[in-house]
Amino acid sequence: MSMLDSGERDHFVIIGGGLAAASAAEGMRDAGFTGRVSIIAGEAEYPYIRPPLSKEYLIGSAQRSSIFVHDDGWYEEHDIRVLRGQAATGLSIEAHSLTLDGGGVVGFDKLLFATGARSRRFPGPGAQLAGVHYLRTVGESEALAAALAPGGRRVVIIGSGWIGLETASAARGYGNDVTVLGREAVPLQYAIGPEIGMVFDALHRANGVDLRNSSSVVAIEGNNGVATGVRLEGGELIPADVVVVGVGSLPNAELAETAGLTVENGIVVDEGFRSSHPDVYAAGDVANVFHPVIARSLRVEHWATARDAGLAAGGSMAGRRVEYMKIPYFYTDQFDLGMEYSGYGILMNGAELVLRGDLEKREFLAFWLRESRVVAGMNVNVWDVNETVQALIRDEVQVDAVRLADPAVPLDSLRAGVPGVAGVTA
């Protein structure tokens, strides 16, 4: 084994090749860190952003160059080394060293896990057949786009979550026959509840998707090593030329757990992204971060969290005092529906749902209230309101549900009861 780093300056090492990794390196430099910074990217690419892989890039409306966090020259300009095509396979916290899959060893003074998450694999027979696709990496997005682009194919999607529905929208856009098999009674039921989930149900049906709710898949079947159909519990076989599996993800925390760090639904870190060892940090999809506003730990798999938490974690490693309190945010684009969501999903269960606008036209806002305080909000085909939605959540002011539901009442006026808070233009 050979040591791949040398020098007297402190060395901060980041494991991961996504948005959180690149943002952390940026955060280190922004905070004034002048030591060495290395990103162990894992994949052969420079760090890239994942949401376009199931949206703009998948449907062909965005160039490949648009998915990268920074252009290649940015890393050299900021004296950041990116080890592409190399993955960390071993960690000795005591020795402050990482072993790479090529046999090299990288020493560090501080280490950040930004290893993200991976797709859950289909647990039944047929998972390894050709023609079975997952959607997490740029390579997987490109392979799926190539399978969908000719059109006229029978596409079966296992899973009716965000990835499944976004893929269904893309597949229909290419002119394919699409069947979505969801275990829930309503798409996205556990994410946003049955009432809003039915909006997405109606959207997909209106666009020709064969949506099968409450379905249980037992196998992917094939011929000569190629997937040809999906078998349901009860015996029905749905023919398929392309099978897409979108059944959730798992945090890439095994290396941290093996090294003795505290792992529970991801790597457990405090509000400054410090793990159970003072020289090891975590951010992004892999991190279960204590959120002081709600006094709970959250693991959030959305790009805005990867960006914001990455920047904050890099600053924290560089000595900046950080107490991360950003409200989780994500968006989706499906057919002619665009949506933004902000809030604490962990607090939505059992919360009061307040709707403002027209569900049938798919132009509305939705709010989730606990003790009359907004804990989450969503705008569907209604724009330039997300900052106000976030402000309502952040203020923690009690709001009148009737006024909140009334489109004639300006959203920013609902903040008037907060001392010292000016109105926010919606």
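This report covers a three-strand sheet and the largest cavity in a predicted model.

## The sheet β4-β5-β6

An open sheet is formed by 3 strands, whose order is β4-β5-β6 and whose pairing is antiparallel. The edge positions are taken by β4 (88–92) and β6 (105–107); each has a single partner strand, so one side of each lacks a neighbour in the sheet. From one strand to the next, the twist averages 25 degrees.

The pairing of β4 with β5 (residues 97–100) is antiparallel and runs over 4 bridges. One residue pair can be named here: Leu91 has Leu98, in β5, as its bridge partner.

## The cavity

With a threshold of 30 Å³ or more, the model contains 1 cavity. The volume of the largest cavity is about 120 Å³. Its lining consists of Gly284, Ala287, Val289, His291, Leu298, Arg299, Val300, Thr305, Ala309, Tyr324, Lys326 and Pro328. Two or more residues of this lining come from each of β20 (287–291) and α9 (303–317). Strand β20 contributes the most, giving 3 residues.

## Character of the lining

How do the residues that line the largest cavity divide into nonpolar, polar and charged? There are 7 nonpolar residues, 3 polar ones and 2 charged ones. Arg299 and Lys326 belong to the lining and are of residue types that count as charged. Gly284, His291 and Thr305 are also in the lining, and their residue types count as polar.

Terms used
Residues are numbered from 1 along each chain as its sequence is written. This is a predicted model: local features need pLDDT of at least 70, side-chain atom pairs count only at pLDDT 80 or more; totals for chains, interfaces and linings use all residues. Side-chain values use heavy atoms; hydrogens and water are left out. Two strands pair if DSSP finds at least two bridges between them. Axes are lines fitted to C-alpha atoms, for helices over the stretch in contact, and angles run from 0 to 180 degrees between N-to-C directions. On a 1 Å grid over the protein atoms alone, a cavity is a set of points where a 1.4 Å probe fits but cannot get out, and a pocket is an open set with protein on both sides within 12 Å along at least five of seven lines; lining residues have an atom within 4 Å of a point. Grid points are joined across faces, edges and corners, and a volume is the space filled by probe spheres set on the points.
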